[in-house]
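Here are a few friendly notes to read with the picture open beside you. Take the points in order and find each one in the structure as you go.

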Amino acid sequence: MATTIASLNITSTDLLSDALSLSAIATLTNAGSATGVTQTTGLARKKTESTSLYILYDRSALSMPAASAHKIYIKNLSTTAAEFVTITVAGEELGRLYAGDWAFFPWSAHDDANDISITPSVSSALTIEHMLFFES
Amino acid sequence: MATTASLTLASADIAGDPVSVSKTATLTKAGTINDLDQSTGLNRVHLRSTTNKTLLTANTEGNDLAAKVYIINKATDSSLYVTVTINAQTVGKLYAGNFMFIPWSQTDTAAAIEVAATNWTSSTGDIPVEYALFHEDTDFLTNA
């Protein structure tokens with residue numbers, strides 16, 4: 001069993017009239033158990049050069065249980081504020097990652113159509129990093 | 001004004017070499033370096049229904065604007081999870097202690113973020129969920 005920890009901190013000294021400090025720590029485990037996830041794709045980097053759809057995680061090509069506790073991390077490494085990638089889950093738009101933004105979310109991977117994809121806003125070179133933690 | 005979100009992913013033993021990813025994002029308005037300036041604050045609801053409940057109602061004025069959503073399942077029973085959906089598409093399951101932080105497009109009014117305590121029963125007890133939205137100028141209603 002592996003131990004993988006995800007930690008989140010959201011802070012602001014001036015968004016509200018009082019300081020905001022929000023923290024969460026999660027141990028990434030298999031669905032419904034205390035057993036840590038044991039599989040990862042490792043940190044990957046993808047350079048895009050078109051505004052076409054890029055499939056980051058092709059559900060049908062991955063050997064993994066459906067409807068489990070998989071987790072995905074994606075970051076847009078662009079430094080140009082206007083450049084974004086749109087994340088979709090099975091074709092449904094989740095949101096836009098602008099330059100420097102990251103996302104971390106669970107992935108059900110419930111059927112073969114449940115791919116995780118991105119669509120860049122620009123056809124010039126744009127780089128993202130991504131990683132999947134999953135059950136075996 | 002600046003609101004930052006930092007994520008660390010760390011494991012000493014999930015791979016042959018340690019995994020250590022640490023990233024910080026400053027939450028800005030779409031396509032600019034201007035900071036996001038509005039938030040719902042941290043909300044807490046107790047779910048006791050296996051059917052979807054709307055956590056954040058989509059507002060089409062928010063389409064093409066920047067919005068970030070944080071959701072955490074505060075249950076302590078590892079078997080209890082909430083299913084998160086957008087426009088009826090299941091994104092994933094948040095098990096006890098799990099959190100997510102995502103951008104949210106609000107492409108149309110159907111793009112609400114919904115949650116369901118999918119394996120809740122009257123004997124499991126409520127599943128507490130906390131969430132916050134950071135966004136640009138538009139109105140939001142919550143009715144979980």
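1. Please keep in mind that this is a predicted model. A good place to begin is where the two chains meet: strand E1 of chain A (residues 4-12) pairs with strand E1 of chain B (residues 3-11). The pairing is antiparallel and runs over nine bridges.

2. Try tracing some partners across this pair. A:Ile5 has B:Ala10 as its bridge partner in E1(B), and A:Ser7 stands opposite B:Thr8 in that strand. As background, strands of a sheet pair through backbone hydrogen bonds, either parallel or antiparallel.

3. Now step back to the whole sheet. Four strands make up an open sheet in the order E2(A)-E1(A)-E1(B)-E2(B), and their pairing is antiparallel. Which strands stand at the edges? They are E2 of chain A (20-27) and E2 of chain B (19-26); each has a single partner strand, so one side of each is left without a neighbour in the sheet. From one strand to the next, the twist averages 10 degrees.

4. Next, look at the contact as a whole. Chain A contributes 52 residues and chain B contributes 52 residues. On the side of chain A that touches chain B, at least two residues each come from E1, E2, E6 (70-76), E8 (92-98) and E9 (102-107). E1(A) gives the most to that side, with nine residues.

5. Finally, what classes of residue does the side of chain A that touches chain B have? There are 30 nonpolar, 16 polar and six charged residues.

Terms used. Residues numbered from 1 in each chain as written. Chains lettered and ligands numbered in written order. Predicted model: local features only at pLDDT ≥ 70, side-chain atom pairs only at ≥ 80, totals over all residues. Pairing = 2+ DSSP bridges. Axes fitted to C-alpha atoms, helices over the stretch in contact; angles between N-to-C directions. Contact = placed C-beta atoms within 7 Å. Nonpolar A, V, L, I, M, F, W, Y, C, P; charged D, E, K, R; others polar.
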